Every structure is written in C-alpha cells, then in structure tokens.
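Me: Please take a close look at the sheet in this model and at the residues packed in and around it. I should like one connected account, with the computed distances and accessibilities included.

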Amino acid sequence: MKKALILALSLSLAGLAAQAQSAAVKPANAQEKVVGPQIQFDEVKYDFGSIKQGDVVDHTFKFKNVGTQPLVISNIGVSCGCTTPDWTKDPIMPGKSGMISAKFNSAGKMGMQNKVLTVESNSAGGNAMVSLVGEVKDAASANASPTMSVESKANGVMDEKDAKQKSKIGDSKIKAKRKSS
C-alpha cells in the first residue's frame, strides 16, 4: 500500500513537472498579443541610392496595427525641414493597415543622407522611427557619370539623355584606344 501511494505521488509530481515545462517552452514563431495598440512596419529604412542634388525622393512606409486597440498617430517629427511627412490620420483598427508618406527634397544637400522620421502615436511600444537614406551628388558630377537617372533606374529603362551619355563615354573610350595603338 505504501509503495502504491509513493508510486501514485511520484507519477502525479512527474506529470505536473512535465506540464510546467511544456507551458514554459513556446515555439520560436509564437507572438504574444499586445494589449493596446501596436505599430509594426513592413520596413523601417528605405535606401534611395544615389541621386543628383535637387531631386525629390518620395517613399511610402506601410504599417499594420498588430495590437488589440485602435492606433492613432498624433504627429511625425522630422530631422530636417527638407523632409515632409504625410500619414493616415484616422484611427487604425486592430489588424488594419496605414501608411506614412515621406518626401525628401535634396536641394542644397550633398553627400550621405539619413533623414529620420519619428512616429508619435499611442502604440504600446512608444515612438517608432523610420528613415530615408542615400547619397546626394552634385548635378555636374551626376551628369558626367554614365549612370541612369533615378526614374530610369526605377523603370529599368534608359531615357534618351542616358543613352547619349553612355554613347559619348563609349565613343571617347574608342578614340582613346585608337590613339594609343
């Protein structure tokens, strides 16, 4: 009888230990539901590459409210007056998406740029940040290089100006080779 009681007690303690252990181990992809609103961006950094001074970059950051209450963006702070934000003004319900549009005007800017937008909202995670990064080159050196324009790169096609630049560069290489031989 004593042995049966000890055996039953040990089995129940082993069962409780196994339950506690399985409750503590969660799958790596399990996400805990946040109580309150929670903003989650598709991307937090957009690299616009190289542009010439004076070009305007326009990019839209998309986000989702993964929380349990409506998300409200109250303001978006920018690191400089050259960046203009626009955003979804209505409350974003749980499971729904919104957007933040950012325009960066490179007039008067040179070199590497990192334009940070601080998203002020009622998100449980506090303020969030997104950024536009890239390089601004002066118009003279940008015109002398054989690279395609920003619009042409985006479309994957060469415009007439880009084709003429490549042609001129190709012709000068041929002339240089002829002179040296």
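Reply: Strand S5 (residues 83-87) is joined to S6 by five bridges, and the two strands run antiparallel; the model in which this pairing is found is a predicted one. Within the pairing, Trp87 has Ile100 of S6 as its bridge partner. S6 is also joined to S3, again in antiparallel fashion, here through nine bridges. One position in that second pairing is Phe63, which stands opposite Gly98 in S6. S6 therefore has strand partners in both S5 and S3. In a regular strand, side chains alternate between the two faces of the sheet.

The strands belong to a protein chain with four helices and eight strands. Read from the N terminus, the order of elements is α-β-β-β-β-β-β-β-β-α-α-α. Of the contacts in the chain with a separation of 6 or more, 64% link residues that are 24 or more positions apart. Of the 181 residues, 24% count as buried.

Several of the residues named above recur in the nonpolar interior. The largest nonpolar core has 23 residues, and those touching the most other members are Ile39, Phe41, Phe63, Ile73, Ile100 and Phe104. At least two residues of this core come from each of strand S1 (39-41), strand S2 (45-52), strand S3 (56-65), strand S4 (73-78), strand S6 (97-105), S7 and strand S8 (128-137). S8 supplies the largest share, four residues. Phe41 shows how such a residue is surrounded: setting aside residues up to four places away in sequence, Phe41 touches Phe61, Lys62, Phe63, Ile100, Val119, Ala128 and Val130. Two of these contacts, Phe63 and Ile100, are themselves among the residues with the most core neighbours.

A polar residue, Gln113, lies in strand S7 (residues 111-121). Gln113 counts as buried because its relative accessibility is 9%, against a limit of under 20%. Apart from neighbours within four places in sequence, Gln113 is in contact with Phe48, Phe104, Leu132, Val133, Gly134 and Val136. Among these contacts is Phe104, which also appears in the list of residues touching the most other core members. The side chain of Gln113 also makes a polar contact of 3.1 Å with the side chain of Lys115.

A second glutamine, Gln38, is located in the loop between helix H1 (2-24) and S1. Gln38 has a relative accessible area of 18% and is therefore buried. The side chain of Gln38 reaches the backbone nitrogen of Gly125 at 3.4 Å. Beyond residues up to four places away in sequence, Gln38 touches Lys64, Asn65, Val66, Gly67, Ser123, Ala124 and Gly125.

Asn122 is placed in the loop between S7 and S8. With a relative accessibility of 36%, Asn122 counts as partly exposed. The side chain of Asn122 takes part in two polar contacts with backbone atoms: the backbone oxygen of Pro70 is reached at 3.2 Å, and the backbone nitrogen of Val72 lies 2.7 Å from a polar atom of that side chain. Pro70 and Val72 are also listed, together with Pro37 and Leu71, as the contacts of Asn122 once neighbours within four places in sequence are left aside. The C-alpha atoms of Asn122 and Ile39 are separated by 9.1 Å, although the two residues are 83 residues apart along the chain.

A covalent link and a charged pair complete the account. The structure holds one disulfide, and this joins Cys80 to Cys82 with an S to S distance of 2.2 Å. Cys80 has a relative accessibility of 17% and so counts as buried; Cys82, at 11%, is buried as well.

Side chains of opposite charge can pair when their charged atoms come close. A search of the whole structure finds one salt bridge. Lys89 forms this bridge with Asp86, and the closest N and O atoms are 3.0 Å apart. At 48% relative accessible area, Lys89 is partly exposed, and Asp86 is likewise partly exposed, at 39%. Asp86 falls within the residue range of S5, the strand with which this account began.

Terms used. Residues numbered from 1 in each chain as written. Predicted model: local features only at pLDDT ≥ 70, side-chain atom pairs only at ≥ 80, totals over all residues. Heavy atoms only, no water. Buried < 20%, exposed > 50% of the residue type's maximum accessible area, 1.4 Å probe, protein only. Polar contact = N/O pair within 3.5 Å; in protein donor to acceptor, adjacent residues only side chain to side chain. Contact = heavy atoms within 4.5 Å. Disulfide = S-S within 2.5 Å. Core = buried A, V, L, I, M, F, W, Y, C linked by side-chain atoms within 4.5 Å. Salt bridge = Lys/Arg side-chain N within 4 Å of Asp/Glu carboxyl O.
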